[in-house]
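Here are my notes on the model you sent round. Have it open while you read.

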Amino acid sequence: MSQTGNSARVDVWCVQGLIAVALSELVLREAYHRVGFQTDKFVLLALAWIVACGLLLCARRAAEGRATLLLRLAFLVSAGCAAYLFINVSWLQKLKLSVGSGTVFAVGATAALAVAAWTLRIPPSSWPRIRRTVMTGAILFWCSQVVLVWLFAPRLEWPPRPLSGEARRDGITVFLLLDEMNAKLAPAFVDTLREEGLEVAQRRMKAVGPNTLNVVPQMFSGLPFDMAKACWTTAICSSGNVLDFARITASRNDIDVVGFYHPYCAMKGLRSCSSLELSVLQMLDPQRWRCAVADRLRLGGLWRGMDCGPAQLRGWDGLVSRMLESLWAIPVWTQGGLLFAHLPLPHPPGSTPQATLQRHYLDNAERARAVVREMARRARASGREFHFVIFSDHPLRQSQWCRNRLYAGSGCADNPQFEDDAVPLIVAGSHLPDLSKYDSNGFIFDLQRDWP
């Protein structure tokens, strides 16, 4: 067997190996979030694999010089796709916000062309070393995440215990995270709570990050997660900070949790937990994947022709409805205790086809207000003392949502009425705590021990 033939076989295995490592990264992220947000990236990876395999097949039938070129191009495609999928999502979004998406794309494309030109000029004697370095780096990057979680994820107790004695167990305490809620929406919720006869206080807070991915981990750990990314099925990492939900233990035995996007149910000692997750049947829905392909290939006409918009709305609305059903079935309403609920409201999209982003946002806010009203009535009907904390992770991301193909045909544009640089903090109940020190939402659970 010739040395050239051996090198070609190694190239083939390296191409498939890089695709496998990239696939492992996407599977890990999906196992963490469990809401199908990685579908478009699975499509991108599949397209890269098809292109790489096509180049490998062409290389088998080509002359030696041309075959070498095709093999290196296949390696570049797989390595480039893996590198893109490995890029920290939070870092990329920050970069886009600071310099613009067009600039990021132009710089990325230029860098990719420069790397490709350099790679194709590498002498045959140096190619095995370069190939080995790239493969080793990809494998070590993925494995290092697991090692980081295993070695550095702290064991935490949540929520913080009161400074004096045990937490009161005879009432109902609700921490309600309404996802993507502007502080400007707070007055309507304050009015709703006052209509239910509750004493209410409020203030504006800064969000400690631009996305749920950054903010929620800090709420639980007290540490910044500016560069957050899923690094295990129950853990999230940011530089040297690690939060593993499986290493969080409830500080009391009467805690119920309802949430999504983060693996809250991995926490130990919860009385009950319900998580919004995409079912296997939905993940295997052919239309979901066809629409993802059309979206990734920027085939707007095909995307609309396949009824992708209404299908996306139905799928999301179904998830939200099932989550609300779970919310009313948990023990806190009959047994008392503490509830932490992270709801995808007023988080877009809504349920009305062909509506604008702003219309969906307002409709979802009304739906969230109805949830708050029902919570207050159930707590009051229980006869128990009621403490209510409403807050959010970050304001509405208008610019980001307007890039979603769902709103592309509605003339979506930033509307000053829906812009905000703060999130709300609303507390209701009796003997309200002092809110003056809560300038940001990073330590929101301290309210549990600060409440008189």
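Helices and strands here are DSSP runs numbered from the N terminus, with H or I over at least four residues for a helix and E over at least two for a strand. This is a predicted model, in which local features need pLDDT of at least 70 and side-chain atom pairs count only at pLDDT 80 or more, while totals for chains, interfaces and linings use all residues. Residues are numbered from 1 along each chain as its sequence is written, and side-chain values use heavy atoms, leaving out hydrogens and water.

1. The overall picture. The chain has 16 helices and 12 strands. Of its 452 residues, 49% count as buried (under 20% relative accessible area; exposed is over 50%, partly exposed in between, with a 1.4 Å probe and protein chains only). Take the contacts (heavy atoms within 4.5 Å) with a separation of 6 or more: 74% of them join residues 24 or more positions apart.

2. Helix H6. Running over residues 127–152, H6 has 26 residues and reaches 37 Å from first to last C-alpha, close to the 38 Å expected at 1.5 Å a residue (that is, 1.5 Å times one less than the number of residues). Its buried residues include Trp127, Arg131, Met135 and Ala138, with Gln145 and Val149 further along. An α-helix has 3.6 residues a turn, so residues three or four places apart point the same way.

3. The end of H6. Have a look at Phe152, which belongs to H6 and counts as exposed at 53% relative accessibility. Together with Val147, Trp150 and Leu151, Phe152 makes a nonpolar surface patch of about 480 Å². Patch members have over 30% relative accessible area and no salt bridge (a side-chain nitrogen of Lys or Arg within 4 Å of a carboxyl oxygen of Asp or Glu), and nonpolar side chains (Val, Leu, Ile, Met, Phe, Trp, Tyr) are joined within 5 Å, like charges within 9 Å. Areas come from the Shrake-Rupley method with a 1.4 Å probe, and for residues only the protein chains shown count as cover.

4. Two cis bonds. Trp158 to Pro159 is cis, with omega near -10°; Pro159 sits in the loop between strands S1 (156–158) and S2 (172–178). Pro348 to Pro349 is also cis, with omega near 0°, and Pro349 is in the loop between strand S10 (337–343) and helix H14 (357–382).

5. Positive phi. Most residues other than glycine have a negative phi, and most peptide bonds are trans. Gln354 has a phi of about 60°, lies in the S10–H14 loop and is exposed at 85% relative accessible area. For His431, phi is about 55°; His431 is in the loop between strand S12 (423–429) and helix H16 (447–450), and is exposed at 56%.
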